[in-house]
Amino acid sequence: MGVLDRLKRRREFLIVASQGRKWAAPGLILQAMARIDGPRSPLTTADCIPAEPLRVGFTVSRKVGNAVARNRARRRLKAAAEAVLPSQARAAYDYVLIGRQQTMTRSFPALLQDLETALRKTGAHVAAPGGKDNSAGQGSGDRSRRA
RNA sequence: CCAGACGGCCGGACGGCCGCUCUGCGGGCAACCGCAGGGAGGAAAGUCCGGGCUCCAGAGUGACGCGGUGCCGGGUAACGCCCGGCGGGGGCGACCCCAGGGACAGUGCAACAGAGAGCAAACCGCCACUUCGGCUCUUCGGAGCCCAAGCGGUAAGGGUGAAAGGGUGCGGUAAGAGCGCACCGCGCGGCCAGUAACGGUCGUGGCAUGGCAAACCCCACCGGGAGCAAGACCAAAUAGGGACGGCAUGUCGGCGCAAGCCGGCGGGCGGGUCACGCCGCUGUCGUCCGGGUCGGUCGCGCGAGGCGUCCAGCAAUGGGCGUCCCAGAUGAAUGGCCGUCGCCCCGCAAGGGGCACAGAACCCGGCUUACAGGCCGUCUGGCAUU
RNA sequence: UGGGGGAUCGUCUAACGGUAGGACCGCGGACUCUGACUCCGCUAGUCUAGGUUCGAAUCCUAGUCCCCCAG
């Protein structure tokens, strides 16, 4: 993933799971934790890095299905995270997205909606600068199209 | 046309928007950007075998042990795989299935039932003889029949069992029995065909020598161990090790001209003990060196490679020629969303729902297991028509 | 990803190839004025599918599930 930084080590996942806030939506489970690092020097030098970047990790357990199903669930979560997190999630946070069995069967707009609600419930939601109505409009547009 | 057998192949297609990774080229100090191209499977799966590759051990291999394989011939780098035969079993047939060496090298096993379970065995029967008793007949010598007991013979019949010491028939006999004969089965020997497994045939033995080796075992053959998280290289921060230099440093002993080095005691810190004994460490600053963790790079894809064609071979397969370069991630890329078509299901319709099994992790050859649906070829049996 | 081990009543465990046994739990009965304890009885099981064998929980093959080790 080019845009988002990833959580890669098992220790980081365990810290988020034990210290963070958690919300379970039908299509996914979100764990969010504010990152309190030590004083980091590099951000004084570079302007291009926006303050503190947010980081995200994905977990899909074997209960969801076989390797094909887990792979597909993780890719859908990845696509949802790339669509929602950069504009609507709070920076300097670590997020862990956990896949469920419905992650594959749920429609994609509903999955995006699940992620936004989870962000709001964990207190990590921030309104997109120009596109606060972007997400709502997207959802309502989809709803209107279906109706 | 219906039912079936075998072999091979495919296993969604097209388009739009937004992304990921690798390679090449160009730009940029760099972060990165632009263009072009590549990007999951027949099983990638299970990890059941065989190799390549790497490290370790050993170095002459062999033996012991352990594990595996087991009809014959061929193929292969090798195999427990494949092909072709043989034998046995199943099917009307095409065809399918079989761990299929050795039980006169040895040790063992067979519950229950049954008289008897590996060596033979007599419960009910059958038969002969002897004796007691009864009946009938009598030429009065005895003869026949029946019952019981004893002592023998007998594996035909009953019964038990998964299995009872070849099977069927005829002869034979007191009753029986390979006791004799014919056929079948089995063992041995000769001849013929075959590379061989094995088959055919002739003679002979006269059924002894039953079953289980996916019981121990014997024989033949094969195997050193671990695995890319193998292994190689580069190399932060902190702690610790070594060398050198500066400054600081009680006492005793040894060595040395000396600088100094080594050892004991003392001091300090920590552990332990109720306490002592006891154990460990022990000045500071700077530079350099070696080991090594996080991290990174390589290993890492030109190969027992793919495709086409010709030749040899029944085939597995091998050979020649031409042509192509065809995934390389590391919390792990190969996708996400939408539309049209295709197929299936529900429904009168409108419409709705679904799209097999399944995701490379060093690579290759097999095996096994999972799999919606579809296509092609060869063959078998049946029905109808000509 | 690689390596190793296991599966027996609801639970914990036994069983030379020959009827699958025990404990706890459950159910019924006895004892008691009632309950507990105790005693008696009952229910219920070899992970699945093939094979070897007269006969398989046991032996062989394939599969399913679970556990452990290596970062």
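Two strands count as paired here if DSSP finds at least two bridges between them. With that in hand, let us walk through this predicted model, starting from its overall make-up.

**Overall layout**

Chain A contains 6 helices and 5 strands. Read from the N terminus, its elements follow the pattern β-α-β-β-α-β-α-β-α-α-α. The chain has 147 residues, of which 29% count as buried. If you take the contacts between residues at least 6 apart in sequence, 81% of them link residues at least 24 apart.

**The sheet**

The 5 strands build an open sheet of mixed pairing, and their order across it is β1-β4-β5-β3-β2. At the edges you will find β1 (5–6) and β2 (21–24); each has a single partner strand, so one side of each has no neighbour in the sheet. The pairing of β2 with β3 is antiparallel and covers 4 bridges. One residue to look for is K22, whose bridge partner in β3 is Q31.

**Helices against the sheet**

Two helices, α1 and α5, are worth finding next to the strands. Here is how they sit:

| Helix | Strands it meets | Angle between directions |
|---|---|---|
| α1 (residues 10–19) | lies across β3, β4 and β5 | about 90 degrees to β5 |
| α5 (108–121) | packs on the sheet, touching β2 and β3 | about 35 degrees with β3 |

**The nonpolar core**

In soluble globular proteins, nonpolar side chains tend to be buried together. In this model, the largest nonpolar core has 28 residues, and the ones touching the most other members are L28, L30, Y95, L97 and L115. Two or more residues each come from β3 (28–34), β4 (55–59), α3, β5 and α5. The helix α3 contributes the most, with 6 residues.

Which residues does L115 touch, leaving aside those up to four places away in sequence? The contacts of L115 are L28, L30, A80 and V84. Of these partners, L28 and L30 are also among the core residues that touch the most other members.

**A loop residue to look at**

Finally, have a look at A92, which belongs to the loop between α3 (67–88) and β5 (93–99). Although A92 is not a glycine, its phi is positive, at about 60 degrees. Is A92 buried, exposed or partly exposed? A residue needs 20 or more other C-beta atoms within 10 Å to count as buried, and 12 or fewer to count as exposed. A92 has 14 within 10 Å, so A92 is partly exposed.

Definitions and conventions. Residues numbered from 1 in each chain as written. Chains lettered and ligands numbered in written order. Predicted model: local features only at pLDDT ≥ 70, side-chain atom pairs only at ≥ 80, totals over all residues. Core = buried A, V, L, I, M, F, W, Y, C linked by C-beta atoms within 7 Å. Contact = placed C-beta atoms within 7 Å. Axes fitted to C-alpha atoms, helices over the stretch in contact; angles between N-to-C directions.
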